[in-house]
Amino acid sequence: MKGNEAIAHAAIRCGCDGYFGYPITPQSEILETLAAEKPWETTGMVVLQAESEVASINMIYGGGGAGKRVMTSSSSPGVALMQEGIAYMAGAEVPGLIVNVQRGGPGLGTIQPSQGDYFQATRGGGNGDYYVLVLAPSSVQEMADFVDLAFELSFKYRIPAMILSDGVVGQVMEKVVLPPFKPRRTEEEILRECPWASTGRKGNRPINVITSLELKPEAMEKHNLHLQEKYKTIRANEVRYEEIQTEDAEYLIVAFGSAARIAQKAISDLRSKGIRVGLLRPITLWPFPTERIQQLSEQVKGILSFEINAGQMVEDVRLAVEGRCPVAHYGKMGGIVPTPDELIQALAKDFQINALNS
Amino acid sequence: MTEEIIISGFGGQGVLSMGKILAYSALMEGKEVSWMPAYGPEQRGGTANVTVIVSDERISSPIVSTYDTAIILNQPSLEKFEGSIKPGGTLIYDDYGISVPPTRKDINIYQISAMDAAAEMGNTKGFNMIILGGLLKVRPIVTLENVIKGLHKTLPERHHHLIPANEEALRKGMDIICIAQEAK
């Protein structure tokens, strides 16, 4: 099954209440699969092709505001259009899931794979001091698994969650075990779990208002401090990463998503030549595994941040390393996906590994 | 066992479907598989290729630098991928689409006149299954039985009556593939 198809099936299976999206390559199979599966006839999940990405994200804002598990998906330029809505959701503390199957940019760019939206995903993209929780799947299995995880975290912290995938993971077909069926939450369950949601007031409960607007500076400062406190908690509790052969590593590659898969192949080739290289794969890009990279930087001779872009995550790696060891970046742009051999050459050049230059 | 395969030709030849059927068949045997298409605004006559990896172990990268086996169905694909075959690896090509034959000496080269055979059988759509049959003869990655199972999985039910014709095409490919050069 393709990564995109896995997202669609996982959404139906994890009790998603609604999907609102607009087609764009390379993620159109998500909407396509949902339309073919007709979940409105089985679980009651709504699937709607909106008139634009701006409409989609605002439908998510509305659905999430009512405590529903709702999602959208798009690719880079489409997600760029959604940034205003995402900032509103962050401000109003509305949960929801945004899937970005990245393609090359800037602008309309190309339909080929890229990881050029790392900054957009982890630095905001909309206005104000906010973060979204970003999960980076590197396999079709994780595309399936992260849908429910993203919803869980999004509702737990009332923060928009993003699955930052790319054209490779979206289009590749692999073996996948789909998650078990979980029913959609009932109205009573939503009322219990989301006392803040605007669900239609009955009885005497206080009025719930979903808004990101607050004109009194003191109140707005208080709200911002509350958000920052929440981000601190998420940083402390939700960092996720995978380590491969780091125990004895002399060099470390940091890579996420499809790049991490390419890096794994490069690492097994390098190890067969006696070069001890390990991989740290951030699974959450925000919160970033800063502390673990800090620790590893004490142990290795150099770190290479391998990304399919001009060098974005490398900034977070450098902030973690704080000069303790050399940090380099390797990547390609324009929709070109580097091969394992090209990564090996880059590593050999950056850290003058002579054994590889022969 | 890990077999890294590139299948490349014109859009419309069934390159992506052939890869998909191969991947599903390997899945039936309990193997790890990945299928990575070069996607784009594809159309009949444009170029199309797909990387299929079949392995007993977990597959790291679905994108690789070199291949164990290349199935080449037109001239531009030969020019693009001949140099990426591992020494001692396998190249299978249909002479119908090739005007300048391969020149590598360190690989096994097989030739299969699938286009002609498909026309003779009156089943031009069976072209890709003839090629797949040829592949399985020289690289028995999966059994014919599991390919038939793979076809059941990938073809929509309304096309299941075509499976016997596909099986015939697979067997034809196994018959007609011939070695053009052994690796030196």
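The following exchange goes through a sheet and the nonpolar cores of a predicted model.

Trainee: What makes strand S8 and strand S13 of chain A the edge strands?

Mentor: The open sheet has the order S8-S10-S9-S12-S13 in chain A, with mixed pairing, and S8 (241-244) and S13 (327-330) each pair on one side only.

Trainee: How do you know that S8(A) and S10(A) pair?

Mentor: Pairing requires at least two bridges between the strands, and S8(A) and S10 (residues 277-282) of chain A are joined in the antiparallel sense over four bridges, so the requirement is met. Within this sheet A:Glu243 stands opposite A:Leu280 in S10(A).

Trainee: What makes helix H11 of chain A a helix that packs on the sheet?

Mentor: Contact means heavy atoms within 4.5 Å, and H11 (residues 257-272) touches S8, S9, S10 and S12 of chain A, while its direction makes about 170° with that of S10(A). Helix H14 (residues 340-350) of chain A, in turn, lies across S9, S10, S12 and S13 of chain A, at about 150° to S13(A).

Trainee: Why is the largest nonpolar core said to lie between domain 1 and domain 2 of chain A?

Mentor: Domain 1 (3-187) and domain 2 (241-357) both give residues to this core, and therefore it lies between them. The core has 113 residues, and A:Met71, A:Ile253 and A:Phe306 are among those that touch the most other members; helix H7 (residues 140-157) of chain A supplies the largest share, ten residues.

Trainee: Which residues does A:Met71 touch?

Mentor: Leaving aside residues up to four places away in sequence, the contacts of A:Met71 include A:Ile7, A:Phe20, A:Leu97 and A:Phe151. A second, separate core of 42 residues includes B:Val50 and B:Leu170.

Technical notes. Residues are numbered from 1 along each chain as its sequence is written. Chains are lettered from A and ligands numbered from 1 in the order in which they are written. This is a predicted model: local features need pLDDT of at least 70, side-chain atom pairs count only at pLDDT 80 or more; totals for chains, interfaces and linings use all residues. Side-chain values use heavy atoms; hydrogens and water are left out. Helices (H or I, at least four residues) and strands (E, at least two) are DSSP runs, numbered from the N terminus. Axes are lines fitted to C-alpha atoms, for helices over the stretch in contact, and angles run from 0 to 180 degrees between N-to-C directions. A nonpolar core is a set of buried Ala, Val, Leu, Ile, Met, Phe, Trp, Tyr and Cys residues joined through side-chain atoms within 4.5 Å. Buried means under 20% relative accessible area, exposed over 50%, partly exposed in between (1.4 Å probe, protein chains only). Domain bounds come from an automatic or database domain assignment.
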